[in-house]
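This report describes the arrangement of a predicted model. It proceeds from the relation between the copies to the fold and the domains of one chain.

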There are 2 protein chains.
Amino acid sequence: MSIVLDYLVMLPGPTNVPTRVTSAMSTPMINHRSGDFRTLYKDIISKTQKVFETTNDIVVLTSSGTGAVEASVVNLIKKDDLVIVPVNGEFGTRLADLVDNIGGRAIRIKAPFGENPPIENIKEAFDNNRGVKALYAIYNETSTGTTLRYMDQLGKLCKNNGAFFIADAVSILGGDHLPVDEWNVDVCVTASQKALAAPPGLAPMSISNDAKKYMIENPPATQYLNLKRYFKYFGESNETPFTPAISLFYAYREALDMIIEEGLQNRIDRHKQCAKAVYAGLEEFGLTPFAKENARSNVVIAINYLQGMDDKKFREILSSQFRVLLAGGFGELKGKVFRIGCMGEVTGYHIMRTLSAISSTMEILNIKPKGDGLSVAHDILTAL
Amino acid sequence: MSIVLDYLVMLPGPTNVPTRVTSAMSTPMINHRSGDFRTLYKDIISKTQKVFETTNDIVVLTSSGTGAVEASVVNLIKKDDLVIVPVNGEFGTRLADLVDNIGGRAIRIKAPFGENPPIENIKEAFDNNRGVKALYAIYNETSTGTTLRYMDQLGKLCKNNGAFFIADAVSILGGDHLPVDEWNVDVCVTASQKALAAPPGLAPMSISNDAKKYMIENPPATQYLNLKRYFKYFGESNETPFTPAISLFYAYREALDMIIEEGLQNRIDRHKQCAKAVYAGLEEFGLTPFAKENARSNVVIAINYLQGMDDKKFREILSSQFRVLLAGGFGELKGKVFRIGCMGEVTGYHIMRTLSAISSTMEILNIKPKGDGLSVAHDILTAL
């Protein structure tokens, strides 16, 4: 696959966008109220369903992932609704705050950053609170590099308790396993620029029949994130209620095509293998992941800085001398960790170049890598 | 100027996007938390200020125009706030409804569609209501092809009454006169895909110091359209709070460059001349504009169908046989009018090809054009 790169974009979104996806944005402009658009949108929806592994309704918002997460809240949560939110990072914190801000009552199931709360604590929250309306789970906590490994069980728990199950899969969908229907996810939210490897600006989401029915009967007062309007327009004419980012829709379709051509399982395996190589290589260098082993993400890898590794200096050298982009820490972790996006069209080449640049940058900063992480990573990447 | 076209996009948005703008979207991906992005965003903001003729703060949302209009409402209007809204079309209706839906109290100053309400009625509304919080004016009513020709006076009226003045300039900014500071516009909202001639997906808006202060002190409960967050991120680091549609930002900057290179006054004159040719040409064909003469827009031209001109058939022939895209009517006007977007990079070529295609399509539908509208238009377009 050919990728035009200036930077090697190893961020937790945006990620490297393949030229085939970029080129799709040059498709000449069309009318968003026409058969041309309807054909495009229907195609996008059926391909999104494949990637989400769902038969649920799909809505593609022109917004960041935050917009779609907010849509999942303002369309489902009303005054005094009880909402369980596992909180172990910035995005969980934000989500719980949003629930409270709009009048719901968030029940925060906390765990130290870098760990997942024991699922028993979530079960208990259901047992101790009558009439829980919904459970919001951040499947992948981008700020800390952790992934909730019991999403399937959360789906069952929600089903048994008559609660909506909402998965914030913004930084993970397309890079790890998330069979929406099998896991009983009522609302699944993601964004175009993460593991889907399209440019930023779109936020696809799936909505179950039960959630859709509720949203249609209880729409929010506002317009732009009012999903009832999206259902209405799509139902009547396969269009969106407001002018969509047409060029990005073309790019997103191309990205979906690439995912389907590769096959979802192959793609997930590739992410897993790349992540394994990153973790092993960096540990060999003497670096340690921020997340506890059983919570580690395959798509966003957060690494503790060693003493003497200044965040700004480290990433500045990587960016200007090696043109490799990594992210810094977020919120509480600012300056304490760096984060590698291992997502989208990531391959062995991306990993080796990134590890090589990190190793070289450590040398420049007079922090000698402990061992030969490059060989360790190479072995993992080339293992059958 | 070279434009790659499949369709001639004569819609009231999206419009024809010049190749230079389209090509900018291929710029390799960058980190939205980096100097690369900050440079891009600052450049966009200063160029947007030029085009808005303002020194006010600029925010560029990743959303449609509706998103930015909604932002102007949810950040300014609180429970029971009195809001004057001239209503003479679908977008005025929607805006007034949104104000009511979120708990404000819209004072609708109605006029028949196709006409502007007398400014005296708006003055009276200020006189008859104490403590009006804001006046929302749809500068160009896209649904009917009318432009409010007394925006400058509305600005003075608001100033004298201590009310915020908000201009919904979604379908007009860049195509007609709108000096934000001179006209005392507190919040001016537009969208990328209209007279600015970029692809859809971005909504630039300007916010005065007074409005900004109010928004910072009274933020809404939600996140995505919460302008306080945009001010905070921009103030701290010249970034956006949520991942922006980076590729569209590059396109939008290029579109701004084209506007500045041409010169705002030249651009407005060009729109005016093109519109004059369209109106005169179509009237010569025997068609009549929907809007009353003193309210007619230079950017969106709504034309009444003659008997026997079926909307679907007419626009289908134009689209499939001539590859010219026109829009149909909207809401109440569905099937009764067609609409021509005369905006963005529109030139004499676009106008002549459109008029020629309309004339030919009328012939195909057995409705003989009355007179030689093509020569009439050509004379106007080639007049010095």
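A turn of 180° with a shift of 0.0 Å along the axis lays chain A on chain B, with an RMSD of 0.0 Å. The two copies are thus related as by a two-fold rotation axis. In chain A, the C-alpha nearest this axis belongs to S63(A), at 2.8 Å from it. Both copies use the same surface, since 100% of the contact residues of chain A recur in chain B.

Within the predicted model, chain A contains 13 helices and 14 strands. Its radius of gyration is 21 Å, close to the 21 Å given by the globule rule for 384 residues, so chain A is as compact as a globular protein of that length. The C-alpha trace of chain A spans about 60 × 55 × 35 Å along its principal axes. Of the 384 residues in chain A, 58% are buried. Among contacts in chain A between residues at least 6 apart in sequence, 70% join residues at least 24 apart.

The domain assignment divides chain A as follows.

| Domain of chain A | Residue range | Residues in the contact between the domains |
|---|---|---|
| Domain 1 | 20-261 | 25 residues |
| Domain 2 | 263-382 | 25 residues |

The C-alpha centres of domain 1 and domain 2 of chain A lie 28 Å apart. The contact takes 25 residues from domain 1 of chain A and 25 residues from domain 2 of chain A. On the side of domain 1 of chain A that touches domain 2 of chain A, seven residues are nonpolar, 13 are polar and five are charged.

How values were computed:
Residues are numbered from 1 along each chain as its sequence is written. Chains are lettered from A and ligands numbered from 1 in the order in which they are written. This is a predicted model: local features need pLDDT of at least 70, side-chain atom pairs count only at pLDDT 80 or more; totals for chains, interfaces and linings use all residues. Copies are superposed by least squares on the C-alpha atoms of residues with pLDDT of at least 70 in both. Two residues are in contact if their C-beta atoms, placed from the backbone, lie within 7 Å. Helices (H or I, at least four residues) and strands (E, at least two) are DSSP runs, numbered from the N terminus. The radius of gyration is taken over C-alpha atoms; the globule rule is 2.2 Å times the number of residues to the power 0.38. A residue is buried if 20 or more other C-beta atoms lie within 10 Å of its own, exposed if 12 or fewer, and partly exposed in between; C-beta atoms are placed from the backbone. Domain bounds come from an automatic or database domain assignment. Ala, Val, Leu, Ile, Met, Phe, Trp, Tyr, Cys and Pro count as nonpolar, Asp, Glu, Lys and Arg as charged, and the others, Gly among them, as polar.
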